[in-house]
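User: Could you take a close look at one helix in this model for me? I'd like to know how it is laid out and what it packs against.

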Amino acid sequence: MEYLWLVVAWGVYFILHSILAIRQLKHYVHSKGISPQKYRLFYNIFSLISLVPVLIISNNISAVYAISPNSILKLVGLILAGYGVVLAKLAFKPYDTKAFLGLAPHKQESFKTEGLLKYVRHPIYSASIVILIGYFLFDPRWNTLLNVIMLIVYFVVGGYFEERKLIREFGEQYIEYKKKTPMLIPR
């Protein structure tokens with residue numbers, strides 16, 4: 001039953017997170033005088049705060065291990081998570097991080113394919129998945145595995161919807177890029 005509550009908590013989080021990302025809602029909020037920068041900042045703060053109950057539910061599940069923990073598994077997990085952090089830093093390189101966080105005005109982005117974008121269409125998601133897998137190896141409980149699975153599914157679904165937006169924005173240029181470049185796992 002604890003795991004069901006965790007799935008429900010993730011579901012609520014994903015629904016709220018997704019509703020706030022809907023283009024029509026953003027346009028409505030902007031029409032009421034709230035700048036894209038302020039909305040982006042609100043969105044990020046809300047996403048962090050609303051994640052807290054999910055993490056509390058996950059943390060309160062009794063420790064039942066999916067894999068017997070040991071020091072080698074923890075070390076591999078730390079190394080993988082560290083590698084994921086390095087990938088995340090590289091993934092953010094082509095973007096304005098302050099604008100992404102809502103701390104600076106968002107400029108109209110040009111179509112980018114440099115850096116890790118040469119290898120995968122969603123390098124930030126890819127880096128996050130590497131971090132999550134490393135975290136699971138470090139803490140191989142069933143609730144950790146469930147968290148990782150829920151987030152990976154959400155990244156895939158989120159990537160699909162993000163790509164619909166990018167096709168609207170960049171058209172044939174993005175469609176051609178999509179044909180040549182894998183979504184999350186480099187070839």
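What follows is a walk along one helix and its partner, with a short look at another helix afterwards.

Analyst: Happy to! Please keep in mind that this is a predicted model. Let's take helix H4, which covers residues 71-92.

Start with its length. H4 has 22 residues, and at 1.5 Å a residue they should span 32 Å. The C-alpha atoms at its two ends lie 31 Å apart, which agrees with that expectation.

Next, which residues of H4 are buried? They are Leu73, Gly77, Ala81, Gly84, Leu87, Ala88 and Ala91. These buried residues sit on the same side of H4, because the arc they cover around the axis is only 115°. The face turned away from that buried side carries exposed residues: Ser71, Ile72, Leu75, Leu78, Ile79 and Lys89. If you have the structure open, colouring these two sets is a handy way to follow along.

Now for the partner. The axis of H4 comes within 7 Å of the axis of helix H6, residues 123-138, and the two cross at roughly 165°. An angle over 145 degrees counts as roughly antiparallel, and H4 and H6 are therefore roughly antiparallel to each other. Their crossing is left-handed. As for the residues in the contact of H4 with H6, 19 are nonpolar, three are polar and one is charged.

Helix H1, residues 2-20, can be read in a similar way. Its 19 residues reach 27 Å from the first C-alpha to the last, close to the 27 Å expected at 1.5 Å a residue. Buried in H1 are Leu6, Ala9, Trp10, Tyr13, Phe14, His17 and Leu20. They lie on the same side of H1, since they cover an arc of only 130° around the axis. Trp5 and Ile15 are exposed on the other side of H1.

Glycine 11 also belongs to H1. With a relative accessibility of 23%, glycine 11 counts as partly exposed, because the partly exposed class lies between the 20% and 50% cut-offs. Its C-alpha atom is separated by 9.7 Å from that of valine 54, a residue 43 positions away along the chain.

One last residue to look at is phenylalanine 46, which is found in helix H3, residues 36-59. Phenylalanine 46 counts as partly exposed, at 27% relative accessibility. Between its C-alpha atom and that of proline 123, 77 residues apart along the chain, the separation is 23 Å.

Methods
Residues are numbered from 1 along each chain as its sequence is written. This is a predicted model: local features need pLDDT of at least 70, side-chain atom pairs count only at pLDDT 80 or more; totals for chains, interfaces and linings use all residues. Side-chain values use heavy atoms; hydrogens and water are left out. Axes are lines fitted to C-alpha atoms, for helices over the stretch in contact, and angles run from 0 to 180 degrees between N-to-C directions. Helices (H or I, at least four residues) and strands (E, at least two) are DSSP runs, numbered from the N terminus. Angles under 35 degrees count as roughly parallel, over 145 as roughly antiparallel, 65 to 115 as roughly perpendicular and the rest as oblique. A crossing is left-handed if the near helix is turned anticlockwise from the far one by less than a right angle, and right-handed if clockwise. Ala, Val, Leu, Ile, Met, Phe, Trp, Tyr, Cys and Pro count as nonpolar, Asp, Glu, Lys and Arg as charged, and the others, Gly among them, as polar. The expected span of a helix is 1.5 Å times one less than its number of residues. Buried means under 20% relative accessible area, exposed over 50%, partly exposed in between (1.4 Å probe, protein chains only). The arc is that of the directions from the helix axis to the C-beta atoms.
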